[in-house]
Amino acid sequence: MGTRDIIHDPVKRALIKSGWEITADPLVIDYDDLMVFADLAADRPLAAQRGTERIAVEIKSFVGMSAVRDFEFAIGQYQLYRSLLEVTDPARMLFLAVSEAIFAEFFERPAIRLVVRRYQIACISVDVEREEVVRWIDWRNIEP
């Protein structure tokens, strides 16, 4: 396991405030000869139907020397985890969680939006000071 991102705990508390139950911290994704660790797993009961909504969350702080380099790393990690989850836990949707500040200043850039949409990266932005989810973005359902 790696080091926790500096926004790990605020993201976790924001999810809990939003009605999610944290079921793993970290979530072990184990497939054949590879074991990796997503930051969180969370479940939330669905009111309209029986069952549970299940997510995995990879948290990124974007505090490196280059946001683009951090983004490159995050995309690779996200694609790896999503590929493994599609086999090991296909009902669990993967989200990339970032601070609202990073989302507003970096993820709203046209080139970054293009890449995020192309790779269909679902995102959560969190106000880390107030520990609240600001927005859920599932680019798969948004027109270009």
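Start with the whole chain: buried residues make up 44% of its 144 residues. The model is predicted.

**Stop 1: the whole chain**

Keep everything displayed. The protein chain has four helices and eight strands. Colour by secondary structure and trace from the N terminus; the pattern reads α-β-β-β-β-β-α-β-α-α-β-β.

Now look at the overall dimensions. Along its principal axes, the C-alpha trace spans about 40 × 35 × 35 Å. A compact globule with 144 residues would have a radius of gyration near 15 Å, and the chain has 15 Å, so the two agree.

Switch on the surface. About 8,200 Å² is exposed, and carbon and sulfur atoms supply 51% of that area.

Then consider the contacts. Take those with a separation of 6 or more: 58% of them are between residues 24 or more positions apart.

**Stop 2: a cis peptide bond**

Select aspartate 25 and proline 26. Is the peptide bond between aspartate 25 and proline 26 cis or trans? The bond is cis, with omega near 10 degrees. Proline 26 sits in the loop between β1 (21-24) and β2 (27-31).

**Stop 3: two positive phi angles**

Move along to aspartate 32. Its loop lies between β2 and β3 (34-38). Aspartate 32 is not a glycine, yet its phi is positive, at about 50 degrees. Is aspartate 32 buried or exposed? Its relative accessible area is 70%, so aspartate 32 counts as exposed.

Next, select phenylalanine 62. Here too phi is positive, about 55 degrees, in a residue that is not a glycine. Phenylalanine 62 belongs to the loop between β5 and α2. This residue is buried, with a relative accessible area of 11%. Leave phenylalanine 62 highlighted; it returns at the last stop.

**Stop 4: strands β4, β5 and β6**

Select residues 40-45 and 52-59. These are strands β4 and β5, which run antiparallel and are joined by six bridges. Zoom in on arginine 44: glutamate 53 in β5 stands opposite.

Add residues 92-99, which form strand β6. In which sense do β5 and β6 pair? They pair in the parallel sense, over six bridges. One place to check is isoleucine 59, whose bridge partner in β6 is alanine 97.

Now show helix α2 (residues 67-88) as well. Together β5, α2 and β6 make a right-handed β-α-β unit.

**Stop 5: alanine 97**

Stay in strand β6 and centre on alanine 97. How buried is alanine 97? Its relative accessible area is 0%, and the cut-off for buried is under 20%, so alanine 97 qualifies.

Display what surrounds this residue. Leave aside neighbours within four places in sequence. Alanine 97 is then in contact with Ile7, Val11, Val57, Glu58, Ile59, Lys60 and Ile124. Ile59 is the bridge partner already visited.

Draw a C-alpha to C-alpha distance from alanine 97 to isoleucine 121. The two are 10 Å apart in space and 24 residues apart in sequence.

**Stop 6: the aromatic cluster**

Finish with the rings. Counting ring centres within 6.5 Å as a pair, the model has eight aromatic pairs. Select phenylalanine 71 and phenylalanine 107. How are the rings of phenylalanine 71 and phenylalanine 107 arranged? Their centres are 5.7 Å apart and their planes stand at 90 degrees, so the pair is edge-to-face.

Zoom out a little. This pair links distant parts of the chain: phenylalanine 71 is in helix α2, and phenylalanine 107, 36 residues apart from it, is in helix α3 (residues 100-107). Phenylalanine 71 is buried, with a relative accessible area of 4%. Phenylalanine 107 is buried too, at 1%.

Add phenylalanine 106. Its ring pairs edge-to-face with that of phenylalanine 107, at 5.7 Å centre to centre and 75 degrees between the planes. Phenylalanine 106 is buried, with a relative accessible area of 4%.

Finally, select Phe62, Phe71, Phe103, Phe106 and Phe107 together. They form one aromatic cluster. Phe62 is the residue with the positive phi of about 55 degrees.

Technical notes
Residues are numbered from 1 along each chain as its sequence is written. This is a predicted model: local features need pLDDT of at least 70, side-chain atom pairs count only at pLDDT 80 or more; totals for chains, interfaces and linings use all residues. Side-chain values use heavy atoms; hydrogens and water are left out. Rings of Phe, Tyr and Trp (its six-membered ring) pair if their centres lie within 6.5 Å; planes under 30 degrees apart count as stacked, over 60 as edge-to-face and the rest as tilted. Buried means under 20% relative accessible area, exposed over 50%, partly exposed in between (1.4 Å probe, protein chains only). Two strands pair if DSSP finds at least two bridges between them. A crossover is right-handed if, with the strands pointing away from the viewer, the path from the first strand over the helix to the second runs clockwise. Contact means heavy atoms within 4.5 Å. The radius of gyration is taken over C-alpha atoms; the globule rule is 2.2 Å times the number of residues to the power 0.38. Accessible areas come from the Shrake-Rupley method with a 1.4 Å probe; for residues, only the protein chains shown count as cover.
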